[in-house]
Structure formats: structure tokens, C-alpha cells
Amino acid sequence: MINIVILAAGMGKRMHSDLPKVLHKLAGKPLVSYVIATARELLSDKLCVVYGHGGEQVPTQLAAPDIQFIKQEFQLGTGHAVQQALPFLNEALPTLILFGDVPLFKLSSLQKIIAAAGREKLGIITFNAMDMVGYGHIVRENGKPDGNILAIVEHKDATAEQRAISEVNTGIMVAPTIKLKQWLSALSNNNAQNEYYLTEVIAKAVEDNVEIIATQSEFWETIGVNNKKDLTELERFYQRNLGEALLEKGVTLIDSRRIDIRGNLQCGRDVIIDIDCIFEGDVTLEDGVRIDAHCIIKNAHIAKNSHIKPFCHIEESTVGAASEIGPYARLRPGTELSEEVHIGNFVEVKKSKMGAHSKANHLAYIGDTIIGKRVNMGAGTITCNYDGINKFQTIIEDDAFIGSDSQLIAPVTVGRGATLGAGTTLSKDAPAGQLTVSRVKQVSIADWARPIKK
Ligand code: UD1
Ligand code: MG
């Protein structure tokens, strides 16, 4: 068991944003939510999140019964931030400090340092890389890689010689809680940033003869987000991993570097995804589904062997097996399509059901409608579902045929097997099996002449 403190109060000056840094999104989720998810995998007695900059946005967005939110009124540094959490910690247990802006830490790396530090030692995680501006450099005895750790010197405070040290601090630390209290109470802010640095506790542990150990992590785990450049780099790295994981499971990606997954994408066998598609929320693609280029699919279920053609936008919808959607189709929330449904270009469907083998191939709006089986919706058909105040339902029964450019003024029902002539404005129910047309009779005037300019 352990205490966990996640620091998330910093203003993130370098992000140039009103949104607190830790709420900026990686693959569609706030940075700090990754840290919280990993922390939850560890056995913790207390899970504290220190917030501050940006007001109540952090606790509002992340509220959960297992999280203790602690406000750091003024952002005076990482050491000061940890100090705010001290009254909430169980002193009998060590404390693990995580940064809300370092999202991709692996659980195994944290378990390793927790085990190595035990109850008495101070543990940090470091990594080796050149030219890490903004990181703390690890100063070791005699400058040897295996020398005892003496201090962490922040980049801004470091001498040219110290800046050349390639071993840098990830920010992650495990320490005995009682010691941590003592060390933090003695911090000074006499440094380049006038902040109370958490990293200063290293030198204090050395004075106290507390053993300091460091474990190493992989480079990408340790990347903290300080600016928008860091954020996109991390996003690309993360997406590349997600793409490669799909390839490993047998999904065909035409270009694994041109896919974005912002949530959970489940794929069956023989799924093909072309370039530049975005998947958000929970999306399932069953066996044999093909997604062409430039589609955006959010919280949707696409059943077996369906084909989504280029430039479709699908949200909170289900598509039945062997259906064909697009190109340029929009399925809005509440769309439920059965098997072998065809939705063509410039067709918008909202909160509507379509039975098996029904089609709307060109330029239509279908809203609040229940459509039966084998129905043909002609080009340019519009369900007029809204009178400016209320929404009304349209029902179209099996085997109906709606002629092109018809308007169906809801509430209205088209009976089984009914046909609407092209251009019909339907304001009353259309009886089953009959042809209904509402159109002015066509006339031709033989002796008519165009006006001539005088
Ligand atoms: C910090 C470390 C540095 C390390 C780097 C790794 C210190 C002094 N420096 O620098 O050694 O290499 O992370 O990414 O610890 N925060 C608060 N309250 C504050 C200040 C910061 O909660 O008053 C939070 C931030 O929201 C952030 C984290 O602490 O999540 C780190 O702060 P940041 O300003 O990003 O520190 P770095 O300069 O990156
Ligand atoms: Mg940082």
C-alpha cells in the first residue's frame, strides 16, 4: 500500500492557453486522466490530485469517489504542491509522486521503483537523452554514471557543465512520508524560477543519509508535456503505437501513420481501414468491414461486411451487415440501419430506423423516421420533422416507394407498398398499395410568347 499524489496545479505557461495544462487532450482524453488510470492500478491508500490553475475545472471534469482533490491556491512550485497534500497522507506508508503532465508512464515502471524504494529509501526514475531543455539533470558523485546521486539541478539553474549531463529527471519520486514532510518544510525558493522545487529534496536526503536509488525508464514513457509541440509529438507517438497494435491483430491499415483513435476501436477479422480516418469513443467494426478514406466515426457499431465509402461522418449509430454508406453520408445520433441498407451521397439520417434492403441513395434528409423493409427513398426526399417548435415522426411501411423530391410533412404515415409520385408534398397519410401524387396538373400553352424588351 502507498499514498499517491498527482501534481496537476501548474499553470502550464508554455501552453499559452486558458485551459489547465493537464486537461489538454491526448488521443481525446485529458493528460491527467492517463496518470489517474495508471495510479488506480496500484494499491493506494490515498489518491490525491493537487489542482489550482484554471479554477475548479480539474475537479469538475475528473470528479470520482476515490480521488481527494486538494487546491494549491498559488502555484509556487512542485515542492509546494506536494506540501499541500501532506495533511491527507498516511504517514505509515511511503508516498509516490506523479506528474499530471507526464501521461504515458507504464505501470511496470512504477511498480519497479516502488519495490526498489521500499519503506526507507528515496526512489526516482530517470532517463538518458541529450539536449533535454526544461528537465532536471541528475548530478552524481564524480560525474560517474554509477556514482551516488547527490542532487537534481533544474535546467534553468544548471551550469553549462551540468546541462551536458544526459541523465535527467522524469519527476516521478517515491519517498518515506515522514521524511518527505521534514524535507519539504525546509525548502527554499532561492533559484532561477523562485519556486519551491520538489527536486531539492534529493540533496536533503543526501544530508540525511537516506539512500537514493534511481531506476531507468524508456524514453517515451517519460515525456512530459510542457508546450504544444510536446503535445503533438506525444500524440503522434501514441497514435503510431495504436496503429501498430491494430496491424499486429491483423487489421489492414493502408497507412498505419495516418489513423487517429481517440477511444476504443474494436476490429474483427479482415477489416480494412484506408487513410486519414478518425475513430472516437467506442467503435466496433465487425469482420470484413471496409472503411474508406477520410471517415469520422464516433460511438458506432458497424456490422459484418459493411462498406463505408470516403468522407462519411457517423455518430452514435448502428449500421447493419453488408450495408453501403456514402460517399459523403452523415449518420447522426440515433440512426439504426438493418442489413443491406444503402445510404448514398449527401444523405443525412437522424434518430431514424431503416429496415433491411431499404435505400436512400441521393440527397435526402431522414429525421425521426421509421422506415420498413425494401423501401426506396427517392433522390431529394425530405422528412419535414420540425415545425419550428416540436419534432414529429414519419412512418414509412415495408415496400413503399417514395418518388424523388418529395416532402413528407410529419406526423405522417406511408402505408405498406404505397407509391408517392415524384414531387409530392405529403400532408396526409398515404394509403397502402395506392399511388399518391400531389402536384399541379401540367399544362402547355401553345400560342404563348416570351416578353420582348421595349
Ligand atoms: C519538472 C521537474 C524536472 C523534471 C520535469 C519532468 C521540478 C522542480 N522539476 O519540471 O526536474 O525533469 O518535471 O517533466 O520538479 N505543478 C503543480 N504546482 C506547481 C507547479 C507545478 O501542481 O506549483 C505540477 C504541474 O501541473 C505539472 C508538474 O507539477 O503537472 C510539473 O510541473 P512543471 O512546471 O511542468 O515542471 P517542469 O518544469 O516540467
Ligand atoms: Mg513539466
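Helices (H or I, at least four residues) and strands (E, at least two) are DSSP runs, numbered from the N terminus. This is a predicted model, in which local features need pLDDT of at least 70 and side-chain atom pairs count only at pLDDT 80 or more, while totals for chains, interfaces and linings use all residues. Residues are numbered from 1 along each chain as its sequence is written, chains are lettered from A and ligands numbered from 1 in the order in which they are written, and side-chain values use heavy atoms, with hydrogens and water left out.

**Surroundings of ligand 1**

- Ligand 1 is surrounded by 24 residues (each with a heavy atom within 4 Å of it), and the closest are Gly-10, Gln-72, Thr-78, Glu-154 and Asn-169.
- By residue class, this shell holds 8 nonpolar, 12 polar and 4 charged residues, where Ala, Val, Leu, Ile, Met, Phe, Trp, Tyr, Cys and Pro count as nonpolar, Asp, Glu, Lys and Arg as charged, and the others, Gly among them, as polar.

**Atom pairs and burial of the ligand**

- A polar backbone atom of Gly-10 lies 2.8 Å from an oxygen atom of ligand 1, and a polar side-chain atom of Thr-78 is likewise 2.8 Å from an oxygen atom of the ligand.
- For Gly-100, the distance from a polar backbone atom to an oxygen atom of ligand 1 is 3.5 Å.
- The protein buries 93% of the 750 Å² that ligand 1 exposes when taken alone, with accessible areas from the Shrake-Rupley method with a 1.4 Å probe.
- Strand E1 (2–8), helix H3 (78–85) and strand E10 (167–176) are the elements that give two or more residues to the shell around ligand 1.

**Helix H1**

- Helix H1 (residues 31–41) is mostly covered, with 8 of its 11 residues buried (under 20% relative accessible area, as against over 50% for exposed and in between for partly exposed, with a 1.4 Å probe and protein chains only).
- The buried residues of H1 are Leu-31, Val-32, Ser-33, Tyr-34, Val-35, Ile-36, Thr-38 and Ala-39.

**Two glycines**

- Gly-243 belongs to helix H8 (residues 228–248), and it counts as buried because its relative accessibility is 0%.
- Gly-243 and Arg-257 are 14 residues apart in sequence, and their C-alpha atoms are 6.8 Å apart in space.
- Gly-417 is found in the loop between strand E32 (412–414) and strand E33 (419–420), and it counts as partly exposed because its relative accessibility is 28%.
- Gly-417 and Thr-383 are 34 residues apart in sequence, with 18 Å between their C-alpha atoms.

Definitions and conventions:
A polar contact is a pair of N or O atoms within 3.5 Å; within protein, one must be able to donate a hydrogen and the other to accept it, and residues adjacent in sequence count only if both atoms are side-chain atoms.
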